[in-house]
Amino acid sequence: MRVLSPDDLAAQLRHPHGEHALAVAESMNRSNGDLNRAAIALLSVTAGEQILEIGPGNAAFAPDLLRAPHSAYVGVDVSVAMVDAGNALLVACGLQDRADVRLGDAHALPLDSGCVDAALAVNTLYFWDELKFAFAELARVLRPGGRLCLAFGDAAFMRTLPFAAHGFHLHELAEVEQALRSAGLTVQAWRAHHESGRSNDGRAVSKHFHLLLARR
């Protein structure tokens, strides 16, 4: 993949498309791998649960989410390229009977009310126009007692990334917590996640993320 301008990279991170889509997905998997694994550990899926992932990209972390026996998975992504790549990966892993990726977004999830036990969204809330609408929709699809794990960059850290200045909605931790409460979700746990590594633009950076676990 050629080096993309900050504006072009931001557009790809929001909605992978065209000739760069698959390369961008792999870049996100590398850059966000440790964060995804930390979020999956906090979500702690148990046997028989229905899992939802918002913005799964090519569903690279679906196998980790499906380690619990008899669990099932649906990913929802805005990118046709990612839906196709995600479903191809699930077939390659032999998981197509327990999992699929569908086209959609957090503001209008293609799911019935009260059907999800555990939901995950890693580095996606920057692309939601209104937190309150996305959180209300997530609250709709969660069963009573269902939980949501959010992972997102600290706003001060995100402002150091040139591509984040192009259409990213950056949110302070307190703002996200308040929006969750307003949607009827109770914040149960917070974790700070720090690591050093490469950002999606290839630069070496010290990363600072927040992990929140909320329950309906």
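**View 1. Asn123, a buried residue with a positive phi.** In this predicted model, Asn123 is buried, with a relative accessible area of 13%. You will find Asn123 in the loop between strand E4 (116–122) and helix H5 (131–141). Its backbone deserves a look too: phi of Asn123 is near 55°, a positive value in a residue other than glycine. Asn123 also turns up in the next view, as one of the residues nearest the centre of the largest pocket.

**View 2. The largest pocket and its lining.** About 690 Å³ of space lies in this pocket. Which residues lie nearest its centre? They are Leu13, Val122, Asn123, Thr124 and Phe127, out of a lining of 41 residues. Helix H1 (6–14), helix H2 (21–43), strand E1 (50–54), strand E2 (72–77), H6 and E7 each supply at least two residues of the lining. The largest share comes from H2, with 6 residues. Sorted by class, the lining of the largest pocket has 21 nonpolar, 14 polar and 6 charged residues.

**View 3. Tyr126 and Phe127, an edge-to-face pair.** The structure holds 6 aromatic pairs, and this close-up shows one of them. The ring centres of Tyr126 and Phe127 are 5.9 Å apart and the ring planes meet at 85°, so the pair counts as edge-to-face. Are these two residues buried or exposed? Tyr126 is buried, and Phe127 is buried as well. Widen the view a little and you can add Phe163 and Phe168, which form one aromatic cluster with Tyr126 and Phe127. Phe127 is also among the residues nearest the centre of the largest pocket.

**View 4. Phe157 and Phe209, a pair that links distant parts of the chain.** Here the ring centres lie 5.7 Å apart with the planes at 75°, so Phe157 and Phe209 are also edge-to-face. The pair links distant parts of the chain: Phe157 sits in helix H6 (residues 155–158) and Phe209 in strand E7 (residues 204–215), 52 residues apart. Both Phe157 and Phe209 are buried. The two elements that carry these rings, H6 and E7, each supply at least two residues to the lining of the largest pocket.

**View 5. Cysteines without a disulfide.** A disulfide is a covalent bond between the sulfur atoms of two cysteines. How many disulfides does the structure hold? The count is 0. Take Cys149 as an example: the closest cysteine sulfur, in Cys115, is 18 Å from the sulfur of Cys149, too far for a bond, since a disulfide needs the two sulfur atoms within 2.5 Å. Cys149 is buried, with a relative accessible area of 0%. Cys93, on the other hand, is partly exposed, with a relative accessible area of 44%.

**View 6. Ala59, another positive phi.** Although Ala59 is not a glycine, it has a positive phi of about 60°. Look for Ala59 in the loop between E1 and helix H3 (62–65). Ala59 is buried, with a relative accessible area of 0%.

**View 7. His193 and its polar partner.** His193 lies in strand E6 (residues 186–198). What does the side chain of His193 contact? It makes a polar contact with the side chain of Glu195, at 2.7 Å. At 13% relative accessibility, His193 counts as buried, because the limit for that label is under 20%.

**View 8. Pro162 and Leu9, far apart in sequence.** Pro162 belongs to the loop between H6 and helix H7 (173–182). Pro162 is partly exposed, with a relative accessible area of 38%. Along the sequence Pro162 and Leu9 are 153 residues apart, while their C-alpha atoms are 9.7 Å apart in space.

**View 9. Two further spacings, from Leu4 and Leu138.** Leu4 is placed in the segment before H1, and at 13% relative accessibility Leu4 counts as buried. Between the C-alpha atoms of Leu4 and Cys93, 89 residues apart along the chain, the separation is 31 Å. Leu138 lies in helix H5 and is buried, with a relative accessible area of 0%. From Leu138 to Ala72 the C-alpha distance is 17 Å, with their positions 66 residues apart in sequence.

Notes
Residues numbered from 1 in each chain as written. Predicted model: local features only at pLDDT ≥ 70, side-chain atom pairs only at ≥ 80, totals over all residues. Heavy atoms only, no water. Phe/Tyr/Trp six-rings, centres within 6.5 Å; stacked < 30°, edge-to-face > 60°. Buried < 20%, exposed > 50% of the residue type's maximum accessible area, 1.4 Å probe, protein only. Helix = DSSP H or I, 4+ residues; strand = E, 2+ residues; numbered from the N terminus. 1 Å grid on protein atoms, 1.4 Å probe; cavity = no way out; pocket = protein on both sides within 12 Å on 5 of 7 lines; lining within 4 Å. Points joined across faces, edges and corners; volume = space filled by probe spheres on them. Nonpolar A, V, L, I, M, F, W, Y, C, P; charged D, E, K, R; others polar. Polar contact = N/O pair within 3.5 Å; in protein donor to acceptor, adjacent residues only side chain to side chain.
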